Amino acid sequence: MSYQIEKVILRQIRLPLVHFFETSFGRTYERHMVLIEVVSGGVSGWGEVTAGENPFYNEEWTESAWLIVRDYAAPRVLKRTLNSANDVDGLTAHIRGHNMARGGLEAAVWDLEARINNEPLWKRIGGGARREIPCGVSIGIQNSIPELLKKIETEVNAGYQRIKIKIKPGWDVEVVREVRREFPSIKLMADANSAYTLNDIDLLRRLDEFYLMMIEQPLDHDEIIDHVKLQAALQTPICLDECLRSAHQAEQAIRMNACRIINIKLGRVGGFREAKKLHDIAQAHGIPVWCGGMLESGIGRAHNVALATLPNFVLPGDVSASKRYWSRDVITPWVETTVRGTIEIRDEPGFGYPIDHEFLDSITVRREEVF
Ligand code: OSB
Ligand code: MG
């Protein structure tokens with residue numbers, strides 16, 4: 001069934017984190033997200049742009065996302081006859097980069113299409129390989145090692161299946177050693193967010209001793225080739241995040257042996273269509289994937305849950321309970337985990353969680369309609 005989008009509504013919200021989140025590129029206390037609502041025949045679909053507040057993870061940030069969606073992406077999609085949400089990717093593919101802005105709009109159209117068809121988003125995208133998704137947590141750089149150990153203990157006790165810690169030069173080998181001493185048998189991994197270079201090979205090899213599940217994006221954000229050299233020097237599998245922005249790049253990285261595992265983020269690759277393509281290519285090569293996170297509100301979080309029901313999402317992802325991030329989420333109920341460290345999928349149409357409109361309105365700092 002074809003449909004047309006009559007209106008795109010952009011909203012910018014502010015949501016303070018319950019605890020700051022620190023990576024090798026900086027600390028975040030409060031998220032400023034752009035939410036996208038697409039309207040067709042009285043039905044609304046929702047998406048979230050996963051760009052950060054600053055262009056430090058990649059080139060995008062809240063402000064650029066607003067302009068890209070408003071001035072470039074939305075006008076290409078509005079009033080067109082769409083046969084499928086699969087069409088959206090191609091309509092905005094002339095935009096160079098800015099995958100998160102493109103992907104926020106694309107995801108909103110998938111949600112809309114699921115709602116028009118009265119079916120859950122996970123079903124619309126071809127997922128549903130599992131009824132509950134395995135969950136891990138991503139724990140940022142802390143002020144001290146004891147504080148980190150305390151946080152890990154809390155999350156392990158909450159049932160999370162694997163722990164990811166952030167590392168950077170000066171907060172790496174000794175920190176991982178202490179974590180391993182305290183937690184010898186947990187599934188543990190480290191994410192460097194591009195903080196190292198090939199000059200650090202010897203240091204990174206010292207991490208092999210701690211039998212990490214993987215080390216995520218150790219080298220430059222746009223560097224695949226150096227990861228080939230590093231992977232050949234390490235026992236620990238490399239997982240790529242930042243530098244895989246398309247299914248094609250992922251295929252090249254796999255063929256070159258730049259990584260053995262892939263983190264898929266909906267925004268980073270520009271939406272569900274590309275995420276599914278990347279997923280399929282990894283699966284065909286026997287490379288497991290997991291769903292990354294970008295400190296999403298409930299809307300982006302629920303999209304991630306749907307994505308993680310595709311069959312090759314076999315490793316626990318960075319999708320965890322709302323309450324780890326927010327004192328109040330924009331959906332009700334919030335995303336919660338089971339005692340097994342999983343999130344159960346829901347059968348309501350679209351992304352499956354009603355929006356808390358009253359709260360959403362109260363944290364909206366900017367709103368604009370494009371039609
Ligand atoms: O590299 O995975 C990352 C958050 C912001 C930017 C980059 C990353 C992250 C996370 C957090 O690790 C994952 C989450 O809990 O949402
Ligand atoms: Mg990462």
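Domain bounds here come from an automatic or database domain assignment. For this protein, that assignment gives domain 1 (3-118 + 356-370) and domain 2 (124-344). The structure is a predicted model, in which local features need pLDDT of at least 70 and side-chain atom pairs count only at pLDDT 80 or more, while totals for chains, interfaces and linings use all residues. Residues are numbered from 1 along each chain as its sequence is written, chains are lettered from A and ligands numbered from 1 in the order in which they are written, and side-chain values use heavy atoms, with hydrogens and water left out.

The two domains make a good starting point. Taken over C-alpha atoms, the centres of domain 1 and domain 2 are separated by 23 Å. Contact (heavy atoms within 4.5 Å) links 40 residues of domain 1 with 45 residues of domain 2. The size of an interface is often given as the accessible area lost when the parts come together. Buried area is this loss, computed with a 1.4 Å probe and summed over both parts; for domain 1 and domain 2 it is about 3,700 Å², with 58% of it on carbon and sulfur atoms.

Next comes the metal site. Donors are N, O and S atoms within 2.8 Å of the metal (3.2 Å for Na, K and Ca), and water is not among the atoms, so sites may look incomplete. The magnesium ion (ligand 2) has as its protein donors Asp191 (OD), Glu216 (OE) and Asp241 (OD), at 2.1 to 2.3 Å. Along the sequence, these donor residues follow the spacing D-x24-E-x24-D. Because aspartate 191 sits in strand S9 (residues 188-191) and glutamate 216 in strand S10 (residues 215-216), the pair ties together parts that are 25 residues apart in sequence. Helices (H or I, at least four residues) and strands (E, at least two) are DSSP runs, numbered from the N terminus. Both aspartate 191 and glutamate 216 are buried, where buried means under 20% relative accessible area, exposed over 50% and partly exposed in between (1.4 Å probe, protein chains only).

On either side of S9 are two loop residues worth a visit. Asparagine 193, in the loop between S9 and helix H7 (201-205), is buried, with a relative accessible area of 7%. Leaving aside residues up to four places away in sequence, asparagine 193 touches eight residues by name: Thr23, Ser24, Phe25, Tyr57, Lys166, Glu216, Gln217 and Glu242. Lysine 187 belongs to the loop between helix H6 (173-182) and S9, and counts as partly exposed at 44% relative accessibility.

Valine 38 is found in strand S3 (residues 26-40). This valine 38 counts as buried, at 0% relative accessibility. Its contacts, not counting residues up to four places away in sequence, include Ile5, Val8, Leu105 and Leu112.

Two helices complete the tour. The expected span of a helix is 1.5 Å times one less than its number of residues. For the 16 residues of helix H1 (residues 62-77) this gives 22 Å, which agrees with the 21 Å between its end C-alpha atoms. H1 bends by about 45 degrees at valine 69, the bend being the angle between axes fitted to the seven residues ending there and the seven starting there. Among the buried residues of H1 are Trp66, Ile68 and Val69. Helix H11 (residues 272-284) has 13 residues and reaches 18 Å from its first C-alpha to its last, close to the 18 Å expected. After H11 comes glycine 286, with a positive phi near 70 degrees.

Definitions and conventions:
Buried area is the accessible area (1.4 Å probe) that two parts lose on being put together, summed over both.
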